[in-house]
Each structure stands twice: as C-alpha cells, then as structure tokens.
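Here is a friendly walk through a small set of computed features. Keep the viewer open as you read.

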Amino acid sequence: MRILSFVTSILILSSFDALALDVKQRFSHLDTNKNGYLTHDELEPQPQLLSTFLIWDKDQDNQISLIEFKNYLTNNLY
Ligand SMILES: [Ca+2]
Ligand SMILES: [Ca+2]
C-alpha cells in the first residue's frame, strides 16, 4: 500500500510540473515583447481573458503577470 501512495504522489507531482510548464509556455508565447507582463495588445489572441481582464488583473497595474495568468488558466481550463 505504501508503494501505491508513493506512485500516486509521483503522478500528482508530475502533473503539477506539466501544468507549470504549460502556463510558462503559453505566457511567453503571448508575451511578445518579453517584458514579463501581458498587456491588452498582447492578449488579442485570448479574447476570453481580455474580456475578463479586470477580474484577473489583481494588482490593477493594467498588465497580467505570470501569477495572474496562472490564476486565470487554473480557474478556466483545469
Ligand atoms: Ca509584454
Ligand atoms: Ca497585474
């Protein structure tokens, strides 16, 4: 039984890694000027995020940071 729970935790860990990698890849793909933030212009390919921009821009700096983008993906896709 210990082996089973060990395998289960490995599976959970690796799926977290895959999620983190996926978020980073999507983020850097959208962040065309590579400044670490997504602006309205850069979010044109993501109309769903653009239309809810104010909800996800938690610190209201008019840009979506990696953490804010991750929150968005976590709430919408997973
Ligand atoms: Ca940017
Ligand atoms: Ca922000």
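The report below goes from the overall layout to the core and then to some loop residues.

This is a predicted model, in which local features need pLDDT of at least 70, side-chain atom pairs count only at pLDDT 80 or more, and totals for chains, interfaces and linings use all residues. Residues are numbered from 1 along each chain as its sequence is written, while chains are lettered from A and ligands numbered from 1 in the order in which they are written.

## Layout

The chain holds 4 helices and 2 strands, which follow one another along the sequence as α-β-α-α-β-α. Both kinds of element are DSSP runs numbered from the N terminus: helices are H or I with at least four residues, and strands are E with at least two.

From the record comes one annotation: an unreviewed UniProt entry marks residues 18-53 as "domain: EF-hand". Its positions are given in the numbering used here, feature names are shortened, and such annotations may be inferred rather than shown by experiment. In the model, the span 18-53 is 53% helix and 6% strand, and its end C-alpha atoms are 25 Å apart.

Contacts are worth a look too. Two residues are in contact if their C-beta atoms, placed from the backbone, lie within 7 Å. Among contacts with a separation of 6 or more, 37% join residues 24 or more positions apart.

## The core

Of the chain's 78 residues, 12% count as buried. Buried here stands for 20 or more other C-beta atoms within 10 Å of the residue's own, exposed for 12 or fewer, and partly exposed for values in between, with C-beta atoms placed from the backbone.

Which residues make up the largest nonpolar core? Its 8 members are Val23, Phe27, Leu38, Leu43, Trp56, Ile64, Phe69 and Tyr72. Helix H1 (2-30) and helix H4 (66-76) are the elements that give two or more residues to this core. A nonpolar core is a set of buried Ala, Val, Leu, Ile, Met, Phe, Trp, Tyr and Cys residues joined through C-beta atoms within 7 Å.

Leu38 is a good place to start exploring: beyond its neighbours within four places in sequence, Leu38 is in contact with Leu30, Asp31, Leu43, Gln63, Ile64 and Phe69.

In H4, the buried residues are Glu68, Phe69 and Tyr72. They line one face of the helix, because they fall within an arc of 100° when seen down the axis of H4. That arc is taken over the directions from the helix axis to the C-beta atoms.

## Loop residues

Two loop residues have backbone angles to check. Most residues other than glycine have a negative phi. Lys34, which is not a glycine, has a positive phi of about 55°, and Gln60, also a residue other than glycine, has a positive phi near 55°.

The table gathers four exposed loop residues with their C-beta neighbour counts.

| Residue | Loop | C-beta neighbours inside 10 Å |
|---|---|---|
| Thr32 | between H1 and S1 | 12 |
| Lys34 | between H1 and S1 | 7 |
| His40 | between strand S1 (37-38) and helix H2 (47-51) | 11 |
| Gln60 | between helix H3 (53-56) and strand S2 (64-65) | 7 |

Thr32 and Glu42 are 10 residues apart in sequence, with their C-alpha atoms 6.7 Å apart in space. For His40 and Asn62, 22 residues apart along the chain, the C-alpha separation is 8.1 Å. Not counting residues up to four places away in sequence, His40 touches Leu50 and Phe53.
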